[in-house]
Every structure is written in structure tokens, then in C-alpha cells.
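Visitor: I'd like to walk through this model and ask, at each stop, how a label was earned. Could you set the values against the cut-offs for me?

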Amino acid sequence: MSMLKKMVAMFVAMFAAATLMTAYAADPVIEQAKAQGVIGEMATGYLGIADPSKASADLKRRVDEVNAGRLQAYTEIAGKNGQPVGTVATLMAEKQFARAQAGEVLKPEGQGWTQKQ
């Protein structure tokens, strides 16, 4: 990856992280479900339901709302930076994986759900 692409990627990731953390980090139901391993971050940059048997209809609705908000934010960031939405989402997923607490579940690309140690 060229130095320019790396710099753009870093800028996009930082901007996306700041935008999304401000907009979506305040939902205690989402945070509790993450801590319990019911939902988790996916390599696509979106939340996923890791244990459908424990996900209420309300939780599923909240996950859908967060994901819709993320798509909107990723689209805006991508437009401002001339990057594909998928690139922005993937960069944000990397940040979310790094921020995940021990015990939370993550779904890396091409793999199943794994618990962060």
C-alpha cells in the first residue's frame, strides 16, 4: 500500500471512529448485549447477532438501527474522502476489533464468532 493510501486510510479510520463513537456508543442495551456475547462486531464494520437464541426483538431492532446509522456514516465519510463505502467499513471494523473488551465476541472475515481474550 502506498504511503498516500496509508495516510488516507488512517484519516478515514480516525474520522469514522470519532463519528461513530459519538453517535452510537450510548445505548446501554447494545453495550450489555456485547458484554454478554449476544452481539458482536463483524469484519464488515457492522454489528451482528452471535447468539440468536438470546436476542430479543428489541435488541434485533436496535442492532438494525445501529447498522443503518453506521451505513449512513460510512457513506458520508466515503463520499468526503473518495473511498469506497466498503473500505471505510473495513477500516472501522479494525478499530472496533481493537477496542473490543475481553470477553466480547468478534467475527473476523471468513471465520465464525470468537471471543476476545
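Guide: Happy to, and let's start with pairing: two strands count as paired if DSSP finds at least two bridges between them. Keep in mind that this is a predicted model.

Visitor: How do you know that strand 1 and strand 2 pair?

Guide: Three bridges join strand 1 to strand 2, and the rule asks for at least two, so they qualify as a pair. The two run antiparallel. Within that pairing, Gly40 sits opposite Gly48, and Ile39 faces Ile49 of strand 2.

Visitor: What makes up the hairpin, and which residue in the turn has a positive phi?

Guide: Strand 1 and strand 2 make the hairpin, with four residues between them. The turn residue is Gly45, whose phi is about 95°.

Visitor: What is the sense of the pairing between strand 1 and strand 3?

Guide: Parallel, over three bridges. One of the contacts to look for is Met42, whose bridge partner in strand 3 is Lys107.

Visitor: Why is the pairing in the sheet called mixed?

Guide: In general, strands of a sheet pair through backbone hydrogen bonds, either parallel or antiparallel. Here strand 1 runs antiparallel to strand 2 and parallel to strand 3. The open sheet has four strands in the order 2-1-3-4, with mixed pairing.

Visitor: What makes strand 2 and strand 4 edge strands?

Guide: Each has a single partner strand, so one side of strand 2 and one side of strand 4 (114–115) have no neighbour in the sheet.

Visitor: Which helix packs on strand 1 and strand 2?

Guide: Helix 2 touches both, and its direction makes about 85° with that of strand 1. Helix 4 (residues 85–99) lies across strand 1 and strand 3 (105–107), at about 135° to strand 1.

Visitor: How do you know that the length of helix 4 agrees with what's expected?

Guide: Helix 4 has 15 residues, which at 1.5 Å a residue should span 21 Å. Its end C-alpha atoms are 21 Å apart, so the two agree. As for burial in helix 4, Val88, Ala89, Leu91, Met92, Ala93, Gln96 and Phe97 are buried.

Visitor: Why is Lys34 called buried?

Guide: Its relative accessibility is 9%, and the cut-off for buried is under 20%, so Lys34 counts as buried. Lys34 lies in helix 2. Leaving aside neighbours within four places in sequence, Lys34 is in contact with Ile39, Glu41, Leu47, Arg70 and Glu104.

Visitor: And Ile49: why is that one called partly exposed?

Guide: Ile49 has 27% relative accessibility. Partly exposed covers what falls between under 20% and over 50%, so Ile49 gets that label. Ile49 belongs to strand 2, and outside its neighbours within four places in sequence it is in contact with Val38, Ile39, Ala55, Lys60 and Trp113. For Ile49 and Lys60, eleven residues apart along the chain, the C-alpha separation is 7.8 Å.

Visitor: What makes up the largest nonpolar core?

Guide: Nine residues: Ile30, Ala33, Val38, Ile39, Leu47, Ala55, Leu59, Val63 and Val66. Helix 2 (28–35) and helix 3 (57–81) each supply at least two residues of this core, and helix 3 gives the largest share, three residues. Apart from this core lies another, of eight residues, including Met42, Tyr74, Ile77 and Ala89. Nonpolar side chains do tend to be buried together in soluble globular proteins.

Visitor: How many aromatic pairs are there by the rule?

Guide: The count comes to one aromatic pair. Tyr46 and Tyr74 form it, 5.4 Å centre to centre with 70° between the planes.

Visitor: Why is that pair called edge-to-face?

Guide: Ring centres must lie within 6.5 Å, and planes over 60 degrees apart count as edge-to-face. With 5.4 Å and 70°, Tyr46 and Tyr74 meet both conditions, so edge-to-face is the label. Tyr46 lies in the loop between strand 1 (39–42) and strand 2 (47–49) and Tyr74 in helix 3, so the pair ties together parts 28 residues apart in sequence.

Visitor: Are those two tyrosines buried or exposed?

Guide: Buried: Tyr46 has a relative accessible area of 18% and Tyr74 has 0%, with the cut-off at under 20%.

Conventions:
Residues are numbered from 1 along each chain as its sequence is written. This is a predicted model: local features need pLDDT of at least 70, side-chain atom pairs count only at pLDDT 80 or more; totals for chains, interfaces and linings use all residues. Side-chain values use heavy atoms; hydrogens and water are left out. A nonpolar core is a set of buried Ala, Val, Leu, Ile, Met, Phe, Trp, Tyr and Cys residues joined through side-chain atoms within 4.5 Å. Buried means under 20% relative accessible area, exposed over 50%, partly exposed in between (1.4 Å probe, protein chains only). Rings of Phe, Tyr and Trp (its six-membered ring) pair if their centres lie within 6.5 Å; planes under 30 degrees apart count as stacked, over 60 as edge-to-face and the rest as tilted. Contact means heavy atoms within 4.5 Å. Axes are lines fitted to C-alpha atoms, for helices over the stretch in contact, and angles run from 0 to 180 degrees between N-to-C directions. The expected span of a helix is 1.5 Å times one less than its number of residues.
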